[in-house]
Amino acid sequence: MIIKKAVYDYGFALANQYVDKNLPEIAVAGKSNVGKSSFINMLCNNNKLSRVGQKPGKTILINAFKINDSFYLMDFPGYGFAKVSDKEKERWASLMEGYLSTSKQLKCVVLLLDIRHDPTAQDIQMIKWLSYYHIPFIVGATKADKIGTSQIHKALKNISVKTGVIVNQIISVSSEKRIGKEEILARIEEMLQIEN
């Protein structure tokens, strides 16, 4: 798949504000400093599409980007390290779980984990949510350029052990070096079953 067109369409802060546009959806989730915005920009060949914040946790909505006029990328708020109130964290959790449980268009979630660290409790919670709602997911291990090539397999194996995801189902990703881009896009295309 080649992404030729990507535009911001709308965002929503509460699950009941979600609009079904009758197109397939792929969501992107991950903790607040995992590099979600850079990842989306890399996939879409547009460095200005998703704003890369200086501080983690700047995405407070689920943002919907229309891709090739044929599907949506749904950018979830980052969870974890953002310095926000407990009430705001509860709203984010309610927003994400509400969307996951109600969207009839969601085909897959791309869950981003930092290749350098153990998955967090929130990462494990997201995997549990996805499993509970029977939502297929792809795991992308970001920041692969930050560790040596010889360490990548060991890091992927560690993520596999901690999450229960089969190691060859985890894709190493670097937005900076554009590692993993084609593999992720191919997997998304499989999930969408669309032709471009």
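The following exercises, each with a worked solution, concern a predicted model.

**Exercise 1. The sheet**

Determine the order of the strands in the open sheet, and explain why one side of each edge strand lacks a neighbour.

*Solution.*
Step 1. The open sheet has seven strands, and their order is β1-β3-β4-β2-β5-β6-β7. The pairing is mixed.
Step 2. The edges are occupied by β1 (6–12) and β7 (170–172). Each of these has a single partner strand, so one side of each is left without a neighbour in the sheet.
Step 3. From one strand to the next, the twist averages 25°.

**Exercise 2. One pair of strands**

State in which sense β3 and β4 pair, and which residue of β4 stands opposite Phe 65.

*Solution.*
Step 1. In general, the strands of a sheet pair through backbone hydrogen bonds, in either a parallel or an antiparallel manner.
Step 2. Here β3, residues 62–67, and β4, residues 71–75, pair in the antiparallel sense, over five bridges.
Step 3. Opposite Phe 65 stands Leu 73 in β4.

**Exercise 3. Helices on the sheet**

Identify the strands touched by α2 and by α3, and give the angle that each helix makes with β5.

*Solution.*
Step 1. Helix α2 (residues 86–102) packs on the sheet and touches β1, β2 (25–30), β3, β4 and β5 (106–114). The direction of α2 makes about 145° with that of β5.
Step 2. Helix α3 (residues 121–132) also packs on the sheet, where it touches β2, β5 and β6 (137–142). Its direction makes about 165° with that of β5.

**Exercise 4. The nonpolar cores**

Find the residues that touch the most other members of the largest nonpolar core, and list the contacts of Met 126.

*Solution.*
Step 1. Nonpolar side chains tend to be buried together in soluble globular proteins.
Step 2. The largest nonpolar core has 37 residues, of which Met 74, Phe 76, Tyr 99, Leu 100 and Met 126 touch the most other members. Helix α2 supplies the largest share of this core, five residues.
Step 3. Leaving aside residues up to four places away in sequence, Met 126 touches Ala 29, Phe 76, Tyr 79, Met 96, Leu 100 and Leu 111.
Step 4. A second, separate core comprises 26 residues, among them Met 1, Leu 43, Leu 185 and Ile 188.

**Exercise 5. Salt bridges**

For the salt bridges of Asp 69, Asp 114 and Lys 146, name a partner and decide whether the residues are buried or exposed.

*Solution.*
Step 1. Seven salt bridges are found in the whole structure.
Step 2. Asp 69 meets Lys 5 in a salt bridge of 3.1 Å, N to O. Asp 69 lies in the loop between β3 and β4 and Lys 5 in the segment before β1, 64 residues apart. Asp 69 has a relative accessible area of 42% and is partly exposed; Lys 5, at 37%, is also partly exposed.
Step 3. Asp 114 forms a salt bridge with Arg 116, with the closest N and O atoms 2.8 Å apart. Burial requires a relative accessible area under 20%. At 5%, Asp 114 therefore counts as buried, whereas Arg 116, at 38%, is partly exposed.
Step 4. Lys 146 forms a salt bridge with Glu 176, the closest N and O atoms being 3.9 Å apart. Lys 146 lies in the loop between β6 and α4 (149–163), and Glu 176 in the loop between β7 and α5 (181–192), so the pair ties together parts 30 residues apart in sequence. Lys 146 is partly exposed at 46%, while Glu 176 is exposed at 62%.
Step 5. Asp 145, Lys 146 and Glu 176 are linked in a network of salt bridges.

Note on methods:
Residues numbered from 1 in each chain as written. Predicted model: local features only at pLDDT ≥ 70, side-chain atom pairs only at ≥ 80, totals over all residues. Heavy atoms only, no water. Pairing = 2+ DSSP bridges. Helix = DSSP H or I, 4+ residues; strand = E, 2+ residues; numbered from the N terminus. Axes fitted to C-alpha atoms, helices over the stretch in contact; angles between N-to-C directions. Contact = heavy atoms within 4.5 Å. Core = buried A, V, L, I, M, F, W, Y, C linked by side-chain atoms within 4.5 Å. Buried < 20%, exposed > 50% of the residue type's maximum accessible area, 1.4 Å probe, protein only. Salt bridge = Lys/Arg side-chain N within 4 Å of Asp/Glu carboxyl O.
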